[in-house]
Each structure stands twice: as C-alpha cells, then as structure tokens.
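Q: Could you take me through one part of this protein in close detail? I'd like to look at a strand and its partners, and then see what else is worth finding around the model.

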Amino acid sequence: MNNYIKIIIAVLLCNVTFAQNSVTGKITDNEGQPIFGATISYTYDDASKKAGTTSQENGNFSFELKETGNYQITVSYIGMKSLSFQKAFNQAQDYDLGSLKLQMNVEQLQSVEVVGRARTDYNSDYSFSATKVAIANKELPQAITSVTKELIADRLAFQVPDAVKTVSNVSVTGLYNHYNIRGITQADDGQVLNGMRTRQYYFLQPITSHLERVEVIKGPSSVTFSSADPGGTVNMVTKKPLAEKRSEVSLTTGSFGTLRATADFTGPLNESKTLLYRFNAAIQEADSFRDVVNNNAILFSPSLSYIPNETTSLNVEMIYSDAVGNLDRGQPIFGAINGEYDLDSTPITMNVGASSDHYKNKEFIFMANFSKKLTDNLGFNAQFMKQTWDEDLAEHRVDGTAVDIGGNVIPTLARMRYDERQQYWETDNFSTYFTYDIKTEKITNKILVGYDATRWERKIGAGFLRARRYLTVDGGQSNYDPANAANFQQMVVDGVTMPVPAVPHFNLDDPFNGARNTNAYNLAELSIPANLNTSNGFYIQNQFKVGKFSALLNLRYERFTDIFDYEGDEQEFTNDAIVPRIGLTYEVTNTVSAYATYLEGFQPHTNTVSLSPTAEGFFWSTSPSRFDPLESSLTEFGAKGEFLNGKIFANFAIFNITQKNILLGDTYDLDNLTTRGEQRSRGFEMDVSGYISSNFQLTASYGFADAEIVEDAIEEFIGEPIGGAPKHNANIWGRYDFTNETLKGIGFGLGAQFMDERYTWYNPTYDTDRLLLPSYTVFDAAVYYKPNNTGIQLTLKLNNLFDETYWLGGLNPSRLGPGAPRNVLLNATYKF
C-alpha cells in the first residue's frame, strides 16, 4: 500500500511541477522591432483544445503548458504574414522559443481581384479599381478611403449610406443611395460595382452583406471609370473566395420591424486549392419610422475562382437582387408662411404615399475577371459584366403647393401626382488591357494599355401612367393659370373655391395613408422611348518609380454615342474627349509619402438626366447628348502615412474642383436649356483608421469644403453654397475590447457624426425655393459580447443615442430626408 501511495504522490508532484512550466518568446518584425498585441494561439490534444495569449509592449509573451505533447502554434498580427509551426513539449521544463519574426503581409498583386482580402480590420491598404491594377493606397497620388466589411459589421451598417458616413467630405443628400462628395452633388445615376458602371438606380438602398468593402475614390476619375462625378466615386467591391475555409451566419432584429438574416461561406473546393468558392445570401424585411415605408429584399451572390498556377486566374460571380418596398419621396412641410418655412410644421414620420403604392426593383448581374501572365514582364487582363434591371413603380408624391382659385398658396395642402412606371434596362461592360513591367535595381516601370466598351439600353416597352396638375373643363391636365380660371374645373372645400386637382390633395393637417382608388384618376398614357448608349475608351497608363520618386501618368480617349428613340424615330448624337491624369508621389520616409495630382472628368448628359434638376424632361422627350458634356477638373495635394507597423493609416488632402457645362433653364421648356452653369469647391480633409492598441480600433475623419455656385440661370444663386454641400463634417467611431479576466469577451463601440448646415439641392428654375437644413450631431453606441472559444458574437447597437431630431438632407421643402429617431438593433453572428 505504501508503494502505491508513493507512486500517486510522485505522479501528483510531477503534474504540479509540470503545471508550473512555461513557454516564452518574443515577437518582432523583420527588422527586429518588437510587436505589441500579436496573437499567439496554440492547439493541443489533436487540436481538440485551444488557447492563446498576446505579446506585450516589448514583444515578449508567455503561456503555461497544460500537458505534454505536440502543439500547433500560430502567431498572427494585423498587416503581417501569419507564422505557423509545430513544437513538441515532451519534458517537464521551461521552453524559450526565442525571437519569432513576422514578415510584412504584402497583398498578393493580383491583376484583377479574384481572391478575397485576408485582413480582418478597419483598413484596406490597396485598391484595384483606382488604377485598373493592384496598387497600394500609400502609392496612389489620389485620396481614397475604404470602408471594410469589419467596420460595416461592427457598426451594423446594412445600407451603403450608413457605411460611407464615416468618410470625410461625404454626406447623403436625402433618403437614397446618393451623395454629396467634396461639396459636389452626384450627377451620374449609375452605380459602380467592382470598378464597372451599372445602371441601377439609387432609390432603394442596396444592402451590404455581399460587399468586401466600399471605396470612396475622391476626384473626377473619368480616366478610370469613364463617366464619373467630379467629387468622387463610390465603388462597391464584392466579396471574393478565400483559400481558407470560413463560414458565417448572422441574424438581426430591431426597431421598425427589422428582421434580417445573412450567410457567407467560402473556402477551397479541392485539395490543391486551385478552385475556390464563395456564397453570400441575405434576406431582409424592414419597415421604417416613416409612414407606409418598407424595404424588403432578397439577395444571392455565388462566386468561383480558378487559380491553376501563378500565371493564370479566373473569377466568375453572379448577383441576384430582388427588392420590394415603397419609394420614399421624403417629408413634406407646410408651404411658406410669410415667406418662411417651418421644419416642425409636420412630424418627421409624415409621408404622402399610400399603403397601396409599391416599388419593385429586380437586378441580375454576371461578372467575369480573367488574368494571364504571358511572360515574366507581360500580362493580359479582361473583365466583363452583364446586368439586367427591371423597375415597377406605383407612387403618390408631392407635385407642388396647392392653390385657391385666385392662385394663392394653401400651405396646409400638398398638390399631388400619381405615377405607375415600368422600365427595363440592359447593360454590358467590357474592359481589357495589357501590362508590361520593367524592374531594375533603381527603376520600376509599369505600363498599361487598354480598351473599355460599355453598352446600356433602355429597352422597348418602358412607359408610365400619370395623373398630375389640375383638370381642365375639357378633361385635360394642365398647370393652373389664375388668369384663365374659367378653363379649369372648380370645387369648394370648407368655403374655399379652388381648381380641381387630377389627384386629390394631401392634407398635411389631417394625413391619410390608406389605400387609394387610383381608378378614379384621370391617368394619361405616356411611353418612354427606347435609348441606346455606347462608349468606347482607349487609354494608356504609366506608373514609374525612381528611388523615392514615383509618377502615375494616364491619358484616355473616350467616345460616346447616344441613340434616342432607338429602333423608332432615332436621334443620334456623339461626344468625345481626351481625359488626362498626372500624379506625383515622393517618399518622405519609409512610412510617409507626399503627393500632388491633376485629374479631369467627362460626363455626357445622357448619364445625368435622372439627377439633374433641370434636365428631367429629356428623360422622355429627346436626347440631352446634343449639349456639351459636363467637364470637371481637380488639383490636389496631400500626404499619406502608415504608422505602428501598418496598424494605423492616415490621409490628408487639399483640393480644388471645378465643374462646368451644367444644364440650366426650365425643365419642361427644353428649348431654353443652356450649358453655362459652373460650380467650384475647395477644401481639405483628413481620414485616420486602424489599431491604437491590440484591443482598440478607431476610425476618424474631418472634412471642410467651400462649395460655391459660379454660374447659374437663377442670378441670386451665384456666389451661394451648392445645394446639399455642408461646409464642415466630422466622424469618429471606435471599438474597445476588454482584456482583463473579469470583463474578457466584452467590448463596446462609440461613435459620433457631425454635419454642418446645408441647403436642399434640387432647384429647377420653375421652383427656386430652397431650405437651409440645420447642423446636427448624432451619437451611436454598441456593446459586444464574444463568449470565449465559441465563434459567437452578440451585438447590441443603439443608433441616435440621444434621440436627436435631424435631417440628412433634402431635395426641396416638400421632399426632406429626416434621420431616424433613437432605435436599437440586436445581432447574433456565428463564425465556424
């Protein structure tokens, strides 16, 4: 018995002794500098048990051995390549692993983006779309800010406008996927996806579950994107397959009847990892704080990447999106009383739509990207996109102020119009280019020569039914003329004689949003002529580097052809332009570079009629391509820097933008339109994002834009601020995760957005009233909980923490875009 006791005691002593054994080491970069906050994870017992620790400020780390055996150790850190190895710990002793060096994680220089981004933080340090090929943001002589999927997820930003609001000098103009960037309101109604332009409209905001990042590329980048707005381009980049298996499902609920589910699966399909896949899906049902407004959507996005060797790659992906909701035309307020509007005259929930209205938006996109390295120096790349887009609309909307028989405004009544509209679009996009790289000890030179072709068609069969304005005695519809009151049908309401509207007035004092009998309306049948627009672009790009000095030179020739009333009574117009870009960069230090750039932009008016305040009539009347295109230019100086081993990225820019050939005149008197409008914006901005410490991520920005109308048909507007342009905006968002044992697994996020006052932006000559919207500051907060080793994260997000009443923007006084009151979202995400 004594021998057994001795054996048991000896075993226990061995276990106690072994439990005190530790493993130590130090994490450094390739230059020997210590790395603070690196993650050291280890698995043992046939990978069934996992644990981990982090490195200290001096790079040192330690962990206790739980038992003997073979361990798999992985060291990872943001911006560095992960280090993974096996180590046998078979003896009861302390182990010193010495210095473990991590190498900089230079993103794989894909010619086209076929493999997903490996980083999992708020920074994306490269862009493909800005120059057609992969280029580090710090080397690009142009401001670019990326909003990554990690930042989108932490902020539960399920629509693109929610995602980009952390970017400097970016503000939404209202309730749509539409922006003012650097003081210039977007004119081009196409959206950019993976660097290629689509014809999707901006009314129903696209959900973000299939997006890897949203890039805001500042300046008029027509040299890259063909037709492009002078303030900047919002480019949505879809998620691409990864070579490692990742799976994620997410469920969200919250205020305003929000229910949402998403799924994201990716990984290799074969052992050699030459065939990769990714599948994204989302379903959403969401009402709104706005009356009779909702946005229900379903999305599927599968993709495949084939990479048989280092010289060949192919990615194919599809996006199917089916959205059904209501087109929210905004909050109307009372007509001007004594020349003044009252923002509080109606509640921010008010919407003039009916419960029987609808907006259906169906989209199908196919994309293919191919890259082939023909020799060590010569490469070939090609991209193709096919998009179909269908619109089915039935809506009530404000058409102006109601008047009595004498033409006097009745401020509590809104004159209405009703539209039923169907449109069918098809877009083809093709881009191909050759690259030739020369690299010596002192010089790097990358030459790109390419061709782009785009074809979009508004197909035969588009048309609409419309009732608007006032009824004439002969049954027609017309603007009311008090001088010819006898020509209009009349009615008496509450003792007031007024002309009979084609659609009953909306009573702002006694609103009704129920189903409305549209069969009683006097609907006019109107067709929308088919339209075919093609463009062909040839371009050359040269990026060369000599020592610390580099230059990016571009020249593009573009020719647009527009055929209005295609396959009918055709009208054909052409526009062409030569568009340059000149950018210079100098490496001040290894981590800081300064740059200067000059860009030009070019937009045919065919691409701008939907959003132009004075060109709307061209949408169904004739081709706006008979006018000279919008032209713009940018001069920019800036500096970019990476700090803390790539954990922090900062950008500072000073800019001056001009835009001319803006269509001016009367929307419905097309013969009076001219292209003598001009705008100018100058200012500066700063964006900073990254890890302050291993458990604290931050993104912050500030923008200043002095945006001014230089020429306009409305004389009193000259010298005034551009509509939709705030002079100042600032944003901050941070996430902090506790590391002590008591609160480990818990984190919190806090953010604020400040937006300066700005005018409504939609001001045609027939309705020149514009309203100055007040500045606002809105705070958001979030609490995160990640149970250890479960792959689960719970997020509780509070938006508009202090229940501020504010307006995002507005088109005019009868179409304001109020921000949401305080609301809550609860999200559960499981990664496995």
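A: Here is a walk that starts at one strand and its neighbours and then moves on to other parts of the model. Keep in mind that this is a predicted model.

Let's begin with strand 25, which covers residues 409-439. Strand 24 (residues 378-403) runs antiparallel to strand 25, and 25 bridges join the two. To find one of those contacts for yourself, go to Q387: its bridge partner in strand 25 is T427. Strand 24 and strand 25 make a hairpin with five residues between the strands. In that hairpin, look for G407, which takes a positive phi near 85°.

Strand 25 also pairs with strand 26 (residues 443-458), again antiparallel, through 15 bridges. A hairpin of three residues makes this connection. A good pair to click on here is F434 and its bridge partner in strand 26, V449.

Two further partners are waiting. Strand 27 (residues 463-467) is joined to strand 25 by five bridges and runs antiparallel to it. There, Y418 has A467 as its bridge partner. Strand 32 (residues 506-507) is antiparallel to strand 25 too, with two bridges between them. In this case A414 stands opposite F506. While you are tracing these strands, here is a handy general point: in a regular strand the side chains alternate between the two faces of the sheet.

Now for some sheets elsewhere. One open sheet has five strands in the order 10-16-17-14-15, and its pairing is mixed. Its edge strands are strand 10 (144-148) and strand 15 (196-197), each of which pairs on one side only. Strand 10 and strand 16 (residues 211-218) are antiparallel, with five bridges. S146 is a nice place to check this, since its bridge partner in strand 16 is E215.

Another open sheet has three strands, ordered 11-12-13, with antiparallel pairing. Strand 11 (170-172) and strand 13 (184-185) are the edges, each pairing on one side only. Strand 12 (residues 179-181) meets strand 13 through two antiparallel bridges. Here I181 stands opposite I184 in strand 13.

Next, the aromatic rings. The structure holds 30 aromatic pairs. In one of them, the rings of Y42 and Y71 have their centres 6.2 Å apart and their planes at 40°, so the pair is tilted. Y42 lies in strand 2 (residues 39-44) and Y71 in strand 5 (residues 69-76), so the pair ties together parts that are 29 residues apart in sequence. Both Y42 and Y71 are buried. An edge-to-face pair is formed by W761 and Y762, at 5.4 Å centre to centre and 85° between the planes. W761 and Y762 are both buried as well. Going back to Y42 and Y71, they belong to one aromatic cluster with F61, F63, F89 and Y95.

Rings can have charges for company, too. The charged end of R199 sits over the ring of W456, 4.0 Å from the ring's centre. If you find W456, you are back in strand 26 (residues 443-458). For R260, the ring underneath its charged end is that of F158, and the distance to the centre is 3.7 Å.

What about the backbone? Most residues other than glycine have a negative phi, so it's fun to hunt for exceptions. K273 has a positive phi of about 60° although it is not a glycine. You'll find K273 in the loop between strand 19 (258-268) and strand 20 (275-285). K273 counts as partly exposed because its relative accessibility is 45%. N338 is another non-glycine residue with a positive phi, near 55°. N338 sits in the loop between strand 22 (312-325) and strand 23 (358-373). With a relative accessible area of 77%, N338 is exposed.

Last stop: the surface. L743, I746, F748, L750, V783, Y785, I792, L794, L796, L826, Y830 and F832 form a nonpolar patch there, with about 1,000 Å² of accessible area together. Strand 43 (746-755), strand 46 (776-785), strand 47 (792-799) and strand 50 (823-831) each supply at least two of its residues. To zoom in on one member, pick I746, which is found in strand 43. Its relative accessibility is 31%, so I746 counts as partly exposed.

Key: Residues numbered from 1 in each chain as written. Predicted model: local features only at pLDDT ≥ 70, side-chain atom pairs only at ≥ 80, totals over all residues. Heavy atoms only, no water. Pairing = 2+ DSSP bridges. Helix = DSSP H or I, 4+ residues; strand = E, 2+ residues; numbered from the N terminus. Patch = residues over 30% accessible without salt bridge, like charges linked within 9 Å, V, L, I, M, F, W, Y side chains within 5 Å. Areas by Shrake-Rupley, 256 points an atom, 1.4 Å probe, with all protein chains shown as cover. Salt bridge = Lys/Arg side-chain N within 4 Å of Asp/Glu carboxyl O. Buried < 20%, exposed > 50% of the residue type's maximum accessible area, 1.4 Å probe, protein only. Phe/Tyr/Trp six-rings, centres within 6.5 Å; stacked < 30°, edge-to-face > 60°. Lys NZ or Arg CZ within 6 Å of the ring centre and 35° of its normal.
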